[in-house]
Amino acid sequence: MNHRHSSARPSAVAAALFAAAAAAFAQPPATGFAERVDVELVTVDVWVTDAAGNPVTGLAAADFEVQHDGRPVAVTHFTEMRAGRVAEPVTPGAATTEAGGTPEVAGSSPAHVVVYFDQSRLHPTRYPALIRSLREFLNGESVPAGRVLLLRQDRSLSVEAPFGSTTAELAAALDRLAKGTASGIDIESETRLAIDAIRDVWEESQDAVGSASAGLAAVPSAGGQPGEPGGGASSVGGPRAVVGGVGSGAGPDACGMFANQIQPILDSWTRSNSQRVAVTLTNLSSTASFLAGLPGVKTLLYLSDGLETQPGAELATDASSLCPAAGSDLLTGTLAQQMSSAFLDLTRHANPNRVTIYSLQTSGLRSPGTGDATAGRSERGRGGGARARGAFEASKRAGEREGLGMLAGETGGRAVFNQNDLLPELEKIADDLGHYYSLAYQPPAGGDEQRDHRIEVKVAGGDRTARYRRGYLEKSPSQWLSERIEGALNLGLTSNALEVRLGAGEITQTESSSYRLPLHVMVPVERLAFLPQGDAYLAEVLVRVMVRQVDGNTLMTDEKSYRVQGSPQATGFADLAIALELAAGTHLTGIGVVDQNTREASFVSTTLQVGPDS
């Protein structure tokens, strides 16, 4: 990920990103929430609305039925969030909608919001209206400015405004985004070129078959029966067989020629756009990873004109509308299955990190033909027409929405379509930020070794609708550790239960012109658990370090295990040194430290500067 504000120097970027982290090696990072590697409870956030779409408040744990992989589980922890605060428990069955009101107590903070601009899929003509809606939304009181993260994806993923920004800084980031380039029109232009190529091939196929038919008609032996005027000895094997037989016309043969010639066009376009979708899914997955260390609910607003689970389907539909016999097998099912699986993998990855995705299609409500990739071309001769254009538009709209709907539906969010003004929808999302139920349960013991788990939640009351995460991918302790370190690396999220301090040794240059920096991870021994092993007491500690150079995308990871000898009464620091080999420049660094005996962990971050001036 790139972390930059437009025109900012690397050092300024690092300072902005890590304001909440340790500023110097000698100072301990601020103590945050304690974390453990072995998390056993599953948390499910549930949004409940009535028939009119209003939040339902005042429900109790008994009003919910939860199933894990089809097996009922008991809710062991239950919290209702109302207007951004923990609501006092009420008598079961006394649920009200928002207007009813029940007593509240101060509690949890408002949820965090990630605004994700997918510039590669935003159209420039609709971009200004999107910026205006967001500016008004963020200027309101629904979401504190410090809990908003602005991300921009084009060729890479960049931070435009980190968590902790002021209202003025968010406004400045939106100003930069407004001056930027939304390149979704590139996809539309490429689609138009592909459509033109397909329809040119269809015209050429018809012309070729028509010419062959005309030539055949001029052959005296082409018609009649043997012995009749104009008849030949036999028409079998003659010129007509090349065309396809009496009464076949141009259709079937033109389709066969057409299908063979357009397959490379479809394959190339599908591969190119599948790669685009894969880049977006990878960046969204990376975002879900580094948000894992952030406590509570994370709401990700994915802003895009569309995201297809089967790129190329609209072109195949267009081809099929021209010649139905050609379109049925133009796309193989393998790629579609792979893309759908990639979407599901992303949601299963985001769900245990409590990342809820709201997909907002910024193209809004479009009248037929508006912004159509086939406009200006479809009426030419035999190259399409109203039927082809209508089939293409319907397939294109469905394809654009399918991926957006899947991201939202599987994570408990909502997909927003056909809205020219997004501000009312953003305000509804703001309501969701402060009104939900958090249910936690312990997964049932036993069963198979599957890691992909399904969740189902039912709520009492026939007129109530529940939205929730549909499942999750169980993470290994190593994955969990890496995600928390990414949170420290990318967002400066620190959690320092072990009271870790950092120190740097002497930096030396290597023969390969890189620099070796001894990083000293200092842990107070009284924070470690020493267990007897023979005649000694030993603590087992794991240190994992992730380093990314500012304005670079290469992530370097190093890990080392330590056996510290001591005693439960020992004092002082355990010096857990790990040597890093770095190129010259400024490096963002996240460190995870795990006491293997207690599974308690610390996550800290800092910046490292190496080079001639270091």
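Student: In this predicted model, which helix holds A172?
Tutor: The structure is a prediction rather than an experimental result, and its helices are numbered from the N terminus. The run that spans residues 167-179 contains A172, and that run is helix 3.

Student: Is A172 buried, partly exposed or exposed?
Tutor: The relative accessible area of A172 is 33%. Buried would require under 20% and exposed over 50%, so A172 is classed as partly exposed.

Student: How far apart in space are A172 and A161?
Tutor: Along the sequence, A172 and A161 are separated by 11 residues. Taken from C-alpha to C-alpha, the distance between A172 and A161 is 8.8 Å.

Student: Which residues gather with E427 in a patch of negative charge, and where does E427 lie?
Tutor: The patch is on the surface, and E427 shares it with E136, D421 and D431. With a relative accessibility of 43%, which falls between the limits of 20% and 50%, E427 counts as partly exposed. As for its place in the chain, E427 belongs to the run of residues 423-434, which is helix 11.

Student: Which strands are the edge strands of the open sheet with the order 8-7-16-3-18?
Tutor: This open sheet has 5 strands with antiparallel pairing. An edge strand here pairs on one side only, and that description fits strand 8 (85-86) and strand 18 (465-467).

Student: Within that sheet, what is the bridge partner of M81 in strand 16?
Tutor: Strand 7, residues 75-82, and strand 16, residues 436-441, run antiparallel to each other and are paired over 6 bridges. For M81, the bridge partner in strand 16 is Y436.

Conventions:
Residues numbered from 1 in each chain as written. Predicted model: local features only at pLDDT ≥ 70, side-chain atom pairs only at ≥ 80, totals over all residues. Heavy atoms only, no water. Patch = residues over 30% accessible without salt bridge, like charges linked within 9 Å, V, L, I, M, F, W, Y side chains within 5 Å. Areas by Shrake-Rupley, 256 points an atom, 1.4 Å probe, with all protein chains shown as cover. Salt bridge = Lys/Arg side-chain N within 4 Å of Asp/Glu carboxyl O. Lys, Arg positive; Asp, Glu negative; His and termini not counted. Charge placed at Lys NZ, Arg CZ, Asp CG, Glu CD. Helix = DSSP H or I, 4+ residues; strand = E, 2+ residues; numbered from the N terminus. Buried < 20%, exposed > 50% of the residue type's maximum accessible area, 1.4 Å probe, protein only. Pairing = 2+ DSSP bridges.
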